[in-house]
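My notebook is open and the viewer is loaded. Here is what I looked up, entry by entry.

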Amino acid sequence: MASAQASFEKTYRFSINYSSNEVTITGVREEVKLQGDIQIPGSYTSTRDGVKYTVTSLRGNIDDAESGMPRPVFENQDEITSIYIPSTIDDIVVGSFRGCKRLKEFKVSSQSKTFKSVDGVLYYLRGEGSVYMMRFPPARTSTGFTLPDEAGYILEGAFADNYTITTLRLSKWQLLETGALDGNLGITRFELNGHYLYKTNAGGDYLVEKNDPGVLIAVAPRYRMGEQLIIPSSIHTIGWYALAGNRARSISIPASVKYIGGYAFTGTSLESISIPATVTDFPDTEGLFYNCPELKTATISAPIKSIGDFMFMGCVKLESVTFPGSCKSMGASAFAGCGSLREFCGLYRFPEVDLKIGCQFAQSGLTSANIPTAWASLPQAMFKGCQSMTSVTLSDGVETIGESTFEGTSLETVNTRKVNEVDMYGFATDATLRKVVIPAHDGTMTLGYNAFVLAPSAEIYIDHKSMAAAMPWDDWHDMFEYPSDALPKIYTSKRSFSRFFTKFDELYVPAGSRSHYMGLCAAGSACRDRIYEMFSYSAVNPSQEKIAVTPLFNWVKITSVTINGTDAVLSDGVWSKPGAVSVSSTMNVVIGYTANNIKMSTEYNFQVSTGIEDTEACEANITRHPRTVIYRHASAQEGAVYYDMQGRRVIAPREGGIYITF
């Protein structure tokens, strides 16, 4: 028994409802390939807690799908020949067996009150006498299928993966649910026996409403296979899923067509599509071209208002799309899986308010993205898995990067501009991110777990002065993931953080800050010897509002100095406030500079009476004299420990030398 339970755990992915002691099978583990006759167990006893749970459901977990759609539970298990369903299972999601191409038979426990098998076909018993055909075993060799009289409906994808059935027979009130023919490869004609709601054309190639022949219900999947499908001019409405799975190469839509429903062209073999402006009633474009593997170009002149959820999802060959000016919003997973889509112009058309649900371009082939100002936030997983994406330009309007927005991309450089929140895995690249620039702006910037995943030996520039972890227990290394054997170089303009990186190749900090950052490293840590100040200052003269600033590396350029709110003028190596000297108890100095051409700035305050730096400098345990190049720890006793401007320990000043204590 223990072996059987361990086998269950190794075979299936599942979730447990502990309050009801029920198990839902969400999928088959990726390393498992099922073969032959499969019996789904009715119970599972946990090897961890010994509790027995009842297996009640087959339902793919949406979290398993990067595209935002749940994966079929038995996705592509194409070596299964039969499946036994126990009486305990009362919930099977439509599509759970998609891709099981060798499946010949369904078997159901005679005790089941929810499902049954008739001649190997799976039916769902909904209650009140309603019977739905759920799944025809794809590997059955029948050339025709007559829906039993007791069954009133055929569910979505019921004939998926089957190519042997050529004729589908319906009678009386029997109906095709939306998507009933989706995924089928072989049906060429319909036959009706006294049907009250449908009728066919003369060849039986398609179904229309009996009371309104202008409403197209369904087209046989193999009708006009490899040719052009011409919609008759008698048609004014193409219903939901009407052409699902059709094998035609192209389609001609007449001016008579005014309405097209969602998923109308899903799973077709269309290579190109043009929706004319004469189609004026387009209430929902959801899934319109979902999973059309041959579609390369789409031109939509009809006045649609939205790129609907899943509209082009799975169109792996899609290269270009053209939309009318009326299209202003974009739904979830609209272009997910479009691996040939290299660029998408016109993102500016789609307001942020319509972009709250994610995965719009997940797994697509986009190489770059230029994010418009209108988008205050980027949705969850919007560009997740875009492995060809090497660059992104954020506008100043973007404030929030959602969870996994750029996860799995190949971004090389990121400038966060005015962003104030990056959710977990927001920029979790495939370890390609060589440079991160976080400029200064108002407010606190909050970072989630693994917000940035960096390339080896990356560079991080932090000019922002207030940063925090989304989870208080996360450390800086939790927010920035990078290899321990190729640590990053870090540049910061802030004089002190309460906590900071403790693993880095080199750390570059503003003048007067080295001691503070050394204090954040553990005693004896090698990182203490790899902290350098980027510039120094001297000749501080608060009474005359003057200061000299000297870069200590050739890649540091002093670009500006502001003294008491006024731009200072450089003369003979000294920055001076022009005009009359102001009367103030402090001299505020803002030093602007670049580090490797990245803009930064650091602020200092000096007391006019003494020339000593303000409280922040004291917190850094550093005191400077206006003219000296020697400073000492504030806590040191007279004659104790002295350092030069680069933080190197030196001997005490010679007698008469200048130093200061406080």
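**Entry 1: the whole chain.** I began with contacts, meaning heavy atoms within 4.5 Å. In the protein chain, residues 24 or more positions apart account for 41% of the contacts with a separation of 6 or more. I noted that this is a predicted model, where local features need pLDDT of at least 70, side-chain atom pairs count only at pLDDT 80 or more, and totals for chains, interfaces and linings use all residues. I also noted that residues are numbered from 1 along each chain as its sequence is written, and that side-chain values use heavy atoms, with hydrogens and water left out.

Next I looked up the secondary structure and found 4 helices and 53 strands in the protein chain. Helices (H or I, at least four residues) and strands (E, at least two) are DSSP runs, numbered from the N terminus. For burial I used relative accessible area: buried is under 20%, exposed is over 50%, and partly exposed is in between (1.4 Å probe, protein chains only). Of the 662 residues of the protein chain, 50% count as buried. The accessible surface of the chain comes to about 28700 Å², and 47% of that belongs to carbon and sulfur atoms. These areas come from the Shrake-Rupley method with a 1.4 Å probe; for residues, only the protein chains shown count as cover.

**Entry 2: cysteines.** How many disulfides does the count come to? I get 1 disulfide, taking the term to mean a pair of cysteine sulfur atoms within 2.5 Å. The disulfide joins Cys521 to Cys527, with an S to S distance of 2.4 Å. Both Cys521 and Cys527 are buried.

Why does Cys338 not bond to Cys315? The sulfur of Cys315 is the closest cysteine sulfur to that of Cys338, but the two are 5.2 Å apart, so they are too far for a bond. Cys338 is buried, at a relative accessible area of 0%. I checked Cys359 as well, and Cys359 is also buried, with a value of 12%.

**Entry 3: strand β37.** I then turned to β37, which spans residues 452–462 and is mostly covered, with 8 of its 11 residues buried. For pairing, I counted two strands as paired if DSSP finds at least two bridges between them. Which strands pair with β37? Strand β35 (residues 427–438) does so in the parallel sense over 7 bridges, and Val436 has Ile460 of β37 as its bridge partner. Strand β40 (residues 489–492) pairs with β37 in the parallel sense over 4 bridges. Strand β39 (residues 480–481) runs parallel to β37, joined by 2 bridges, and there Glu481 is the bridge partner of Val453.

Ile462 was worth a stop of its own. Ile462 belongs to β37 and stands opposite Thr492 in β40. Is Ile462 buried or exposed? Ile462 counts as buried, at 0% relative accessibility. Not counting residues up to four places away in sequence, Ile462 touches several residues, including Ile438, Trp476, Phe497, Phe500, Phe501 and Met600. Met600 is 138 residues away from Ile462 in sequence, yet their C-alpha atoms are 8.2 Å apart.

**Entry 4: an open sheet and a patch.** I followed an open sheet of 5 strands, in the order β17-β18-β19-β21-β23, with mixed pairing. Its edge strands are β17 and β23 (259–260), each of which pairs on one side only. Strands β17 and β18 (residues 206–209) run antiparallel and are joined by 3 bridges. There Thr200 has Leu207 of β18 as its bridge partner.

Leu197 sits in the loop between β16 (189–193) and β17 (198–200). Leu197 is partly exposed, with a relative accessible area of 31%.

**Entry 5: two more strand residues.** Thr167 is in strand β14 (residues 167–171) and is buried, with a relative accessible area of 9%. Leaving aside neighbours within four places in sequence, Thr167 is in contact with Thr143, Gly144, Phe145, Arg189 and Glu191.

Arg126 is in strand β10 (residues 121–127). Unlike the buried Thr167, Arg126 counts as exposed, at 54% relative accessibility. Thr114 is 12 residues from Arg126 in sequence, with 6.8 Å between their C-alpha atoms.
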